Amino acid sequence: MHEFSIATALVDLVKQHCPPGEKVERVSVSAGPMRGIEPSAMQWAWEAAIDETFLEGSELDLKIELWQMRCPACKKIFAAKNMFEPCECGCETTSPVEGNELKLISLTLADPPGPPENTSWTSPLSKTC
Amino acid sequence: MDIPIVENVLKLNDEVAQINRAKIRDAGVFCIDMIGSPGCGKTALLETTLKHLAGQLRIGVLVGDLTTTRDAQRIAQWCSDVVQINTGKGCHLDANQVRQGLEQIDLANLDILVIENVGNLICPVGFDLGQNVKVGVFSIAEGDDKAAKHPYIVQEAELLLLNKMDLKPYVSFDLRQFREDIDRINSDVQLMEISATEGWIADWVQWLSRQVVSKVS
Ligand SMILES: Nc1nc2c(ncn2[C@@H]2O[C@H](COP(=O)(O)OP(=O)(O)O)[C@@H](O)[C@H]2O)c(=O)[nH]1
Ligand SMILES: [Mg+2]
Ligand SMILES: [Zn+2]
Ligand SMILES: [Zn+2]
């Protein structure tokens with residue numbers, strides 16, 4: 001169940017980026033296929049990890065990227081559903097390229113109910129980190 | 001409103017791993033994160049290696065296990081610098097557990113530190129601990145498709161060991177296929193055939209000694 005460790009790591013990381021007092025609606029994550037993350041296990045782990053935290057009720061948008069396979073014959077790099085998928089050119093000995101990324105891509109914040117009272121807030125992203 | 005971020009999800013783990021890495025480097029120690037399925041022979045290999053290198057290389061071991069201290073006890077017969085890390089439900093070690101483990105080990109006494117990760121071929125690979133290299137352990141009893149089914153360790157490892165070669169006559173294992181799969185995933189990784197229980201570990205021991213020498217020079 002590495003999905004649970006990834007989910008708790010994600011909660012800690014989001015905490016660093018979320019402006020105080022804001023409500024996070026959605027957390028978008030991209031994962032390479034090498035990581036072996038199971039989407040349904042990840043959703044379950046996310047629900048468990050955000051329980052009784054500031055992220056309770058937020059949604060996890062997980063995108064598992066396709067494999068990128070390189071063909072040794074025609075040198076093409078193509079997206080594939082499965083590792084070792086043969087190339088269009090007929091070559092059977094394709095190799096996977098990278099595919100191990102695991103990134104927090106973005107946070108979607110809920111719209112404030114009325115006009116914002118305090119507009120002096122600056123994103124933590126504008127500071128150097 | 002969308003806030004773009006694009007940051008490694010395991011960033012906080014990786015930051016602690018960097019602290020471990022600096023500590024290990026400053027002590028002049030070479031550190032291996034050993035990753036393989038339960039039962040592939042990680043502890044057996046450590047026992048044989050410690051026996052073999054006693055008096056030549058000073059090796060310490062951090063061993064991650066879900067609950068028992070049995071592996072640590074097995075290793076402690078051959079080595080005084082062994083620390084058990086119980087992960088409870090965790091299926092891998094993380095950098096923080098290793099940081100705590102390091103506090104219980106005198107790195108100044110060591111040439112090599114081996115971290116025996118929790119038996120699992122998938123998730124330990126993603127968690128940087130501060131090691132110099134990852135070593136993947138397979139065994140021929142597991143079947144010849146295991147490299148293709150666990151490409152992440154093949155991609156990330158500096159060295160792969162294929163253990164239990166003494167069982168070759170009793171199991172069907174297509175070595176050529178296994179090697180070919182590995183080569184397609186990572187053409188740089190070395191593969192060594194060993195038997196921990198029979199003591200067929202000459203290549204591995206030589207590799208270990210080379211790492212220590214290149215660390216010193
Ligand atoms: N035949 C044979 N058995 C082995 C070898 N290495 C380990 N074993 C056996 O495999 C089992 C699991 O070994 P262990 O070291 O506990 O595996 P770990 O879970 O990876 O630490 C034990 O019964 C070992 O004796 C080997 O090279 N050959
Ligand atoms: Mg063991
Ligand atoms: Zn092609
Ligand atoms: Zn795990």
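Biologist: Which residues coordinate the zinc ion (ligand 3)?

Modeller: Cys71(A), Cys74(A), Cys87(A) and Cys89(A) do, each through SG, at 2.3 to 2.4 Å. Bear in mind that this is a predicted model.

Biologist: What arrangement do the 4 donor atoms make?

Modeller: Tetrahedral, because the angles they subtend run from 104 to 120°. The window for that label is 85 to 135 degrees.

Biologist: And what spacing do the donors follow along the chain?

Modeller: The pattern for the zinc ion (ligand 3) is C-x2-C-x12-C-x1-C.

Biologist: Is Cys71(A) buried or exposed?

Modeller: Cys71(A) is buried, because its relative accessibility is 0%. Cys74(A) is partly exposed, with a relative accessible area of 38%. Buried would need under 20%.

Biologist: What about Met69(A), which strand is that in?

Modeller: Met69(A) sits in strand β3 of chain A, residues 67–70. Its relative accessibility is 0%, so Met69(A) counts as buried.

Biologist: How far is Met69(A) from Pro39(A)?

Modeller: Their C-alpha atoms are 22 Å apart. Along the chain, the two are separated by 30 residues.

Biologist: Switching to ligand 1. Which residues come nearest?

Modeller: Gly39(B), Lys42(B), Thr43(B), Ala44(B) and Asp166(B), out of 17 residues around ligand 1.

Biologist: Which helix gives the most to that shell?

Modeller: Helix α2 of chain B, residues 42–53, with 3 residues.

Biologist: How many of the shell residues are nonpolar, polar and charged?

Modeller: The shell around ligand 1 has 5 nonpolar, 7 polar and 5 charged residues.

Biologist: Polar atoms next. What is 2.9 Å from a nitrogen atom of ligand 1?

Modeller: An N or O atom in the side chain of Thr197(B). The protein covers 72% of the 580 Å² of accessible area that ligand 1 has on its own.

Biologist: And which residues face its oxygen atoms?

Modeller: Gly41(B) has a polar backbone atom 2.9 Å from an oxygen atom of ligand 1. For Lys164(B), an N or O atom of the side chain is 3.1 Å from an oxygen atom of ligand 1.

Biologist: Back to chain A. Where does Ser5(A) lie?

Modeller: Ser5(A) is in helix α1 of chain A, residues 2–17.

Biologist: Why does Ser5(A) count as buried?

Modeller: Because its relative accessibility is 18%, and the cut-off is under 20%.

Biologist: What does the Ser5(A) side chain contact in chain B?

Modeller: The side chain of His92(B), through a polar contact of 3.4 Å.

Key
Residues numbered from 1 in each chain as written. Chains lettered and ligands numbered in written order. Predicted model: local features only at pLDDT ≥ 70, side-chain atom pairs only at ≥ 80, totals over all residues. Heavy atoms only, no water. Donors = N, O, S within 2.8 Å, 3.2 Å for Na, K, Ca; no water. Tetrahedral: all angles 85-135°; square planar, octahedral: opposite > 155°, others 65-115°. Buried < 20%, exposed > 50% of the residue type's maximum accessible area, 1.4 Å probe, protein only. Near = heavy atom within 4 Å. Polar contact = N/O pair within 3.5 Å; in protein donor to acceptor, adjacent residues only side chain to side chain. Areas by Shrake-Rupley, 256 points an atom, 1.4 Å probe, with all protein chains shown as cover. Helix = DSSP H or I, 4+ residues; strand = E, 2+ residues; numbered from the N terminus. Nonpolar A, V, L, I, M, F, W, Y, C, P; charged D, E, K, R; others polar.
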